[in-house]
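Thanks for making time this morning. I would like to walk through a few backbone details and then one contact between domains, so please have the structure open as I go.

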Amino acid sequence: MTSSRCGTRGRRFATSAFAVLVAGAVLGFGAAAEPEGGANATFSPEKIREVVDRFKDALVTVDYSTEYYDPRAQRNVKRDRYCTGIVVGGTGLIMVRGHVSLPDVKPFNVRVRLPSGEQYDATVLEKDKRINVAFVKLVNRDTEPDLPFITFVREPSLAVGDEIMVLGVLPEALDFERTFMLAHVASVIETPRRVFVASPAPSFGMLGGPVINAEGEAVGVIGQDLARSEGGEIYIRAGYALIYTADLFQHLIENPPTKVPEAYLGVFIQPLTDDLAQYWGLEKAGGIVVSTLIKDSPAERAGLLRGDVIKMFDGQPVSAKEDAEARAFMRMVRESGVGRDAPITLIRGGEEMQLSVPLEESPKTAAEAEKYEDKQFGLTVREITADYVLGADLDPGTEGLVVDQVERAGWASLAGLLPGHILRRVDGKQVTTIEEFKKLLADIKERKPKEIAVFFERGRRTGFLRIEPDWEE
Amino acid sequence: MKLDRAVLIALAVTGLAVQGCSVARLALQGSVQERLIAAERNVMPAVVHVKPIKEVYLAGERRKIPFTGSGVIISPDGYVITNSHVAAKARSVKCTLDSKEDVPAEVVGVDEFTDIAVLKLDLSQRGDEVPYAVLGDSDQMRVGDWVIAMGSPHGLSRTVSLGIVSAADRYLGDETTGISPYHTWIQTDAAINRGNSGGPLVNLEGKVVGINSRVLLGATGLGFAIPINVVGEIKNKLIQSGKVSRSWIGVDLQEMESLPGLEQTRGVLVGGISERSPALGAGLAAGDIIVSYDGVPVSAKFKEELPAINKLIADTPIGETVEIVALRGGVSRTFSVTTAAKGAFQGEELECEEWGLTVREVTESMARLAKLDRKMGVVVSGVRVGGPANNAALTVGEIILGVDGTTVDDLESFNTLYERITEQEKELVLLDAKRGPLTRFVLLKRTWDEEKVDE
């Protein structure tokens, strides 16, 4: 019943993605034509047909909507999107590209479209931070069908030169038909985790599609790392299609991710390069240099100092010489669990020493912060979180509310409030929690004053401005 | 405030105006056409095309660049007014006179806060007096008055354009933006372009009423001139001492309109107080309403009235103790504030060729913004591609607080360390760098220099 409406919405999106998708489709068929020339024997036409037939019913498309703030337009923007998904469990578990769920952009109105065209409501599960895949699950167990699913090889091995097949879904203009492409494993990228690069590069419809090896087994998926602004690790790698092999996500299929508290130390670090080791007269064996120590952090309480070189953490040697290895250390800390002490071996002033650092849960980030939107004032505020205190270089321990968004031409915007303004006093009263703010606004709405004074802080300066509500509006 | 941020102000680099000692003053009567021509003839002989060769620090290197602007001679012995953004950092300046002669000039002084500079023509080879322009009274200018702009837009010397005063007291920002905290501007639709900077805006009496300095980027017919009454005082100070000293107490002033319910109150609102400032020490706080400063009543209902109050404070002799009367919660209180010297707009710069970077002095205000305990360190102003600093991923804006374990107090101590270390030809040098709340270790490694290799 909903399929026709969804179809229309999908078509709207398809127009913008059309050029990319058609190019991809052509690529796919071009590659498919190659074996017929007889140049390549790994995937014969019979074998290709067999593989496509075997996997095609486990390929689905996932339609979803997103809402995010466009700072230039000063308003929230909504977009319909879709992507390729793979059914990975008989319980209606579907794996999709990780971009479906970003820290600042949560998907809603999620529906899974089966090869038959039928659509089912679905929900997006928690996301693992280590690998950029996301999972959606059908929500209505009563009406959903039994779906064929793909099982991945447990310990796949790929090497440069291997020929692979990638399955995907064509755009709506081509009726979401199943398709494939042939490619070779062209490169291996080792850090921060081993992934592979295919040549030719898979196109959009292949993103999230399964990668099949010469034995006709599913060995991985086509994925894309996140940009750093999206919560990823390496900015410059965003946008490249990569092969994530099954060893990176198999455990998530077996135990779909749930929210696990992450530990933090409260330090910023840099790798002990050979040059730094030489300068300090240390062994050129790598290590983690504490470059910034955050006030009131577990690391500070444990007695770490700026300039300490960490050699062992929680019983594991750490030997970072490069940035990527230093990032691996941060991940190691995040995943080490909370609520206990971890031993640290470090070098300070040339001497080795031991410390014990309490593993505490990482403070809430701005993306996780509680927000409150008041439509009448055209204003969304957010709690000030520890990461924001650092990013904006506020005094350590600063609490309060910061403007997250303002609606264009809304009361807040007209008064001159901008995202990033910290609300120090509103209507003469200090507001530090969302609750206080809500109560204050409720009270103001009761009294309907002609003007409301706001005392703000921004970029180390303070100032006053006034909101002039239009109660008749 | 919001408007000011959105307004991109560009500097228009240009020229001058004159009335001559040796030029017969023409009658300033008759039709507008006749008066325009008379005004042009009275002033143009004193307009000069200013051609400084500047020493600038670009992309981590010291370089020389030619620049072009305008100026106006204001005395028979050859004092010239131009913009500070034309004359600042000039290694040498040549001025082309209306007679098309090139005359060398020296920079007498620059004041970056008002964007005014004074040059002195070297007339020793010429042995003659030069025509000069007469300064008018900018306070008398009314919106709608005819004005002509003179100068060298895009290097086209002796260009004249006509317009009217579009606004007599345009407010273009405050102390944070560095744009004219102490005066408002004359806005005109007379065509002003790059190269007009420093040139005169002239009234129909043939008198200079402004110095053309800025345009609004992307707009047409929106030029801004510094009122000549502002210039006169700055000019005198520059000629006397080569610089303009100002007092600072560390208050951010806001117009009374910023707060509800104060429409009837006379005074000026304190929007914020700087760290480590005289005002903070004296107990002033954000939200106070200053009603008098050193016995002078002050009031700013609208932001256009703020520059005059900023100027009143700046003009206090440095180190003088003044009484400030302010309202707090409706109660009048008196604060005793001893002013401090206003710090430089921008610090001196230095090139460290061996390390492939240029650094700039950390000013007081920069130190406060960077949350340093005191004025210390140097800030990276440029990084040369292919140099050691670039290889170590040092970036513009990072503050260097230490070199090889020694604290950097200022530009001079940094230079001493730099010279000592480069003399030693050390392979590795460790910098303590800070950006925002983050600090890190930056290791400079000497780059391979082909020229220094023995064949």
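In chain A, the loop that runs between β9 (195-199) and β10 (210-212) contains A:Pro200, and I should say at once that this is a predicted model. The peptide bond that joins A:Ser199 to A:Pro200 is cis, with omega at about 0 degrees.

Turning to chain B, there are two residues whose phi I would like you to look at. B:Lys89 is not a glycine, and yet its phi is positive, at about 65 degrees; the residue sits in the loop between α3 (84-87) and β6 (90-96) of chain B. How exposed is B:Lys89? With 17 other C-beta atoms within 10 Å, B:Lys89 is partly exposed.

B:Ala393, again not a glycine, has a positive phi of about 65 degrees, and its place is the loop of chain B that lies between α8 (388-391) and β27 (399-403). B:Ala393 counts as exposed, because it has 12 C-beta neighbours inside 10 Å, and the cut-off for exposed is 12 or fewer.

Let me close with the domains. Chain B is divided into domain 1 (2-240), domain 2 (247-341) and domain 3 (349-450). In the contact between domain 1 and domain 3 of chain B, six residues come from domain 1 and 12 residues from domain 3. On the domain 1 side of that contact, the elements of chain B giving two or more residues are β2 (47-58) and β3 (61-66), and the residues of this side divide into three nonpolar, one polar and two charged.

Technical notes. Residues numbered from 1 in each chain as written. Chains lettered and ligands numbered in written order. Predicted model: local features only at pLDDT ≥ 70, side-chain atom pairs only at ≥ 80, totals over all residues. Domains from an automatic or database assignment. Contact = placed C-beta atoms within 7 Å. Helix = DSSP H or I, 4+ residues; strand = E, 2+ residues; numbered from the N terminus. Nonpolar A, V, L, I, M, F, W, Y, C, P; charged D, E, K, R; others polar. Buried ≥ 20, exposed ≤ 12 C-beta atoms within 10 Å, placed from the backbone.
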